[in-house]
Amino acid sequence: MVRLAAVLSDPGRGVAMEVEVADGETLAVLGPNGAGKSSLLAAIAGLWRPAEGHVTVGERVLVADGVWVPPHRRSVALLGQEARLFPHLTVRENVAFGPRSQGRSDATRLGDQWLEQVGGSALAERRPRELSGGQAQRVAIARALAVEPDVVLLDEPLAALDVEAVPELRRLLRVILARTTTVLVTHDPLDALSLADRAVVVEAGRIVHEGPARDVLLHPRSAFGAALAGVNLVEGVATGVDTVRANDGRELTGIAARPLSAGAGATATFAPTAVALHREQPAGSPRNVLRGTVGAIESRGATCRVEIEGWIADVTTAAAAELRLEPGDDLWLSIKATEVRLEPV
Ligand SMILES: Nc1ncnc2c1ncn2[C@@H]1O[C@H](COP(=O)(O)OP(=O)(O)OP(=O)(O)O)[C@@H](O)[C@H]1O
């Protein structure tokens, strides 16, 4: 069982947090710049020693009073925004490098297997400078996993890629990390929703919210959480190049980075502010016009968060008053197609 536990406290950096990741689980770490996300990863990877704390992976104690296991002996892989492949080695040599350093005689075979898993076999003889950003990151994933680490740390792994490359790599990470104990730092709520089981929000060095990724993102508890997380996620099946039918039957048209294939799994995301509510069927032609029943209404000062059959809408308090919104009301919703982001799963 590879359970990760990290407790760290460092007054100098203003960081004090405690995280636990169960065997095979992925924990997303969200938070504003300077909150302490990278410090957490650095402490686990062995790149920074907090003033106080401990880190354990399964039965192994990596950091404790008088204990400090160096990074290369931790069985912890860290993958960042940049692939950082060895420029003078071929792709195949890059991926086999780790297992070879571990003294494994089957390093090349193992490396080739990982390269195949990430869909990179055709790149084996290339040098890193001959790869696109997405290809390089694929190879970096294979290289990180070829050493069969107990824990994988991902620091914004998709942030530096072209938007077209992101959905495929996200899907690859989801498959490949399904049973690996993983900590994922990300600014993208869709990464957290699609890759993580649980999420923590870090602000000013402290964990301010923790729970199942969906709950943390859909019910934020802080201004940062709300700004970051205000997202509706609809899972379903593509019914055309730019339409998704949700599992509950509602259909949404949006913008897809690449055309969707009908019948394949797809997600739609949109901000709660993209939803407008109406008593009468709206005129004009916003592409997404649906009916829905109002659930909870939460007042947040100038705005109200309205739950409508599993989706959330943020409307101004003035608009809510004008509509005389009450739980149980049947309303029209309109969502501009340009504000709905579609991705293949
Ligand atoms: N090498 C360092 N030496 C001293 N202080 C540091 C160092 N790196 C970060 N800090 C400080 O530690 C705190 C947490 O920073 P950290 O880099 O962990 O945040 P972060 O959440 O990863 O931010 P970002 O999203 O900008 O990467 C900040 O106050 C930062 O200034």
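Which glycine in the turn of the S5 and S6 hairpin has a positive phi? Select the 2 residues between those strands: the residue is Gly-66, with a positive phi of about 75°. Keep in mind throughout the tour that this is a predicted model.

**The sheet that holds this hairpin**

Widen the selection to the sheet. Its 5 strands follow the order S2-S1-S4-S5-S6, and the sheet is open, with antiparallel pairing. Colour S2 (15–21) and S6 (67–68) separately: each has a single partner strand and stands at an edge, so one side of each lacks a neighbour in the sheet.

Go back to the end of the sheet where the tour began. S5 and S6 are paired antiparallel over 2 bridges. One pair to display is Ala-64 with Val-67, its bridge partner in S6.

Next, step from S5 to S4. These strands pair in the antiparallel sense through 3 bridges. Show Val-55, whose bridge partner in S5 is Val-63, and then Thr-56, whose partner in S5 is Val-61. S4 and S5 also form a hairpin with 2 residues between the strands, where Gly-58 takes a positive phi near 60°.

Thr-56 serves as a link to the following strand. On the S1 side, Thr-56 in S4 is the bridge partner of Ala-5. S1 and S4 run antiparallel and are joined by 6 bridges.

Now select S1, residues 4–10, together with S2. The two strands run antiparallel, with 7 bridges between them. Label Leu-8 and then Met-17, its bridge partner in S2. With these strands still displayed, add helix H1, residues 37–45. H1 packs on the sheet and touches S1, S2, S4 (52–57) and S5 (60–64). The direction of H1 makes about 115° with that of S1.

**The ligand**

Centre the view on the ligand and show the residues around it. They are Arg-13, Pro-32, Asn-33, Gly-34, Ala-35, Gly-36, Lys-37, Ser-38, Ser-39 and His-187. By class, this shell divides into 6 polar, 2 charged and 2 nonpolar residues.

Which contacts should be drawn here? Three can be picked out in turn:

- Asn-33: an N or O atom of its side chain is 3.2 Å from a ligand oxygen atom.
- Gly-34: here a backbone N or O atom lies 2.7 Å from an oxygen atom of the ligand.
- Ser-38: an N or O atom in the side chain is 2.6 Å from an oxygen atom of the ligand.

Then turn on the surface. The ligand taken alone exposes 630 Å², and the protein buries 53% of that area.

**A second sheet**

Hide the ligand and move to the strands later in the chain. Select the open sheet of 5 strands with the order S17-S21-S18-S19-S20; its pairing is antiparallel. Which strands stand at the edges? They are S17 (275–278) and S20 (311–316), each with a single partner strand, so one side of each is left without a neighbour in the sheet. Look along the sheet to see the turn between strands: ignoring direction, neighbouring strands are turned by 45° against each other on average.

Finish with S18 (residues 288–300) and S21 (residues 330–335). Their pairing is antiparallel, over 6 bridges. Label Leu-290 and Leu-333, the latter being its bridge partner in S21.

Conventions
Residues numbered from 1 in each chain as written. Predicted model: local features only at pLDDT ≥ 70, side-chain atom pairs only at ≥ 80, totals over all residues. Heavy atoms only, no water. Near = heavy atom within 4 Å. Polar contact = N/O pair within 3.5 Å; in protein donor to acceptor, adjacent residues only side chain to side chain. Areas by Shrake-Rupley, 256 points an atom, 1.4 Å probe, with all protein chains shown as cover. Nonpolar A, V, L, I, M, F, W, Y, C, P; charged D, E, K, R; others polar. Pairing = 2+ DSSP bridges. Helix = DSSP H or I, 4+ residues; strand = E, 2+ residues; numbered from the N terminus. Contact = heavy atoms within 4.5 Å. Axes fitted to C-alpha atoms, helices over the stretch in contact; angles between N-to-C directions.
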